[in-house]
Amino acid sequence: MLDIGSIIKLQRTKRNMTQEELSAGIVSLSYLSKIENQKAKANPEIIQSLCNRLDIELVETPDIQLEEKCKQWYDILYDRFDKEEMIAKFEELQEVMNRSINDQTIMFEIHQIRYYVVLRDLKRALHKMNELHEMADSFNSTHKYYWNKFKGNYYSFKEKPQQSLQCYQQAEKTIRLADINESEVADLHYAISIEYSKLLNGLETINYANKAMVVFQQEYNFVRCAQCHILLGISYRRIRINELALENYNQAMYLGKLSNNKDVIQLVYLNLGRFYSTIGDLKHSTKNYLLALNTADLNFEIKLDVFASLIQNFYQNKEYTQAKEYLQLGKEVLSLAQGKEYYKFYHYTLQVYTHLLNEELNKLIVVLEDAFLPYLKHKKDYRHLVFYAVLIASQFEKVGKYKKSTQYYKLANSNYDQLIKW
């Protein structure tokens with residue numbers, strides 16, 4: 001059972017109350033510090049006095065109705081498309097939880113990390129993680145599971161796949177002792193598969209996507225099955241097993257249409273665009289990217305991804321008018337995405353194609369050498385590092401600067417080696 005001292009400390013800090021203010025007339029300052037840091041257990045009378053000072057009620061008997069309301073809210077956190085209900089239920093619960101310490105206190109606090117991640121309020125998610133950090137050692141197995149999983153969610157959205165994966169793996173270690181069901185385990189396995197995909201580890205991506213899909217198939221959850229098929233398609237595309245890649249994309253499309261899920265359909269079109277681009281079929285690649293644009297409302301990041309891909313296709317196909325058209329559209333969207341994690345990548349990408357289309361070689365070289373390539377190295381984005389290293393090498397080759405050209409072809413080759421290691 002979690003030491004009540006940790007919760008006392010959490011409630012005190014939430015109220016911006018000092019230890020001196022809370023302890024005055026109840027216990028010594030040093031003793032309160034020991035209680036809060038789990039170095040001493042206070043008797044029930046002292047705990048009650050501290051709760052009275054904090055204006056919170058200590059509820060020792062489980063409240064079935066409150067537990068059910070919390071569970072409903074926890075479930076909603078996995079439905080990102082009903083944010084109004086999610087926020088309304090949170091505010092209703094927060095009012096109750098701020099007035100008491102009960103058997104749902106810790107679970108409610110941990111789930112707030114997920115809540116803020118879903119709302120893309122990553123600053124508040126980090127603040128909540130920092131609030132709970134000191135008491136994490138006292139969490140029971142179920143608490144530890146969600147604590148690590150939601151931290152993994154946070155790092156995933158911060159584009160830190162290695163840290164995210166480490167958190168998910170810690171959550172996975174607690175499964176045997178935690179009170180969680182098969183659906184929850186499948187969701188974790190799907191999340192792990194995504195991070196392995198980001199890290200270009202195809203075998204583990206396939207392994208965990210298949211583990212997750214076994215459960216989703218048993219539940220007839222067509223949308224989640226489709227999401228697994230997309231991950232499998234991406235992995236098979238990367239290892240050049242094109243038949244299996246296309247088979248999984250087609251299966252995902254079938255399930256997306258069966259469940260009338262526009263987001264799944266859109267994602268399949270996006271990945272089919274990449275698939276056909278990889279095998280050099282720019283006509284079908286462009287067709288699928290355009291279908292992705294017309295499928296459903298796109299968030300800024302996906303829209304920028306599609307625009308950048310279309311610009312690349314049109315440029316390679318020497319359709320410069322169309323490339324410039326989508327370049328302008330990309331710049332308009334980018335202006336609305338300042339401050340986002342992905343802003344720099346697309347800022348540099350659009351700069352590169354601006355200089356390419358305007359035949360501004362010197363400006364292109366400055367952007368690539370001084371900014372974009374170092375950025376990609378720092379991010380360990382080997383796929384794009386290879387692509388843009390080859391691009392700058394070919395530009396140097398065109399103007400007869402063969403020494404510089406060779407330098408960047410070598411950079412491309414060395415980073416290609418990093419890609420195939422996975």
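Me: Helices (H or I, at least four residues) and strands (E, at least two) are DSSP runs, numbered from the N terminus. On that basis, what percentage of the chain over residues 8-65 is helix in this predicted model?

Reply: The unreviewed UniProt entry annotates residues 8-65 as "domain: HTH cro/C1-type". In the predicted model, the end C-alpha atoms of this stretch lie 24 Å apart and strand accounts for 3% of it, while the helix share is 57%.

Me: How many disulfides does the model contain, by the sulfur distance rule?

Reply: A disulfide is a covalent bond between the sulfur atoms of two cysteines, and the cut-off applied here is a sulfur pair within 2.5 Å. Cys228, which is buried with a relative accessible area of 0%, has its closest cysteine sulfur in Cys225 at 6.5 Å, and this is too far for a bond. Across the model, the count of disulfides is zero.

Me: Within what arc do the buried residues of α8 fall, seen down its axis?

Reply: Helix α8 has 12 residues, 122-133, and its end C-alpha atoms are 16 Å apart, in agreement with the expected 16 Å. Its buried residues are Leu122, Ala125, Lys128, Met129 and Leu132. They line one face of the helix, because they fall within an arc of 120°.

Me: Which exposed residues does α8 carry on the face turned away from its buried side?

Reply: On the buried side, the elements covering α8 include α1 (4-14), α7 (105-118) and α9 (141-157). The face turned away from that side carries two exposed residues, Lys123 and Asn130.

Methods: Residues are numbered from 1 along each chain as its sequence is written. This is a predicted model: local features need pLDDT of at least 70, side-chain atom pairs count only at pLDDT 80 or more; totals for chains, interfaces and linings use all residues. Side-chain values use heavy atoms; hydrogens and water are left out. UniProt positions are given in the numbering used here, feature names are shortened, and annotations may be inferred rather than shown by experiment. Buried means under 20% relative accessible area, exposed over 50%, partly exposed in between (1.4 Å probe, protein chains only). The expected span of a helix is 1.5 Å times one less than its number of residues. The arc is that of the directions from the helix axis to the C-beta atoms. Contact means heavy atoms within 4.5 Å.
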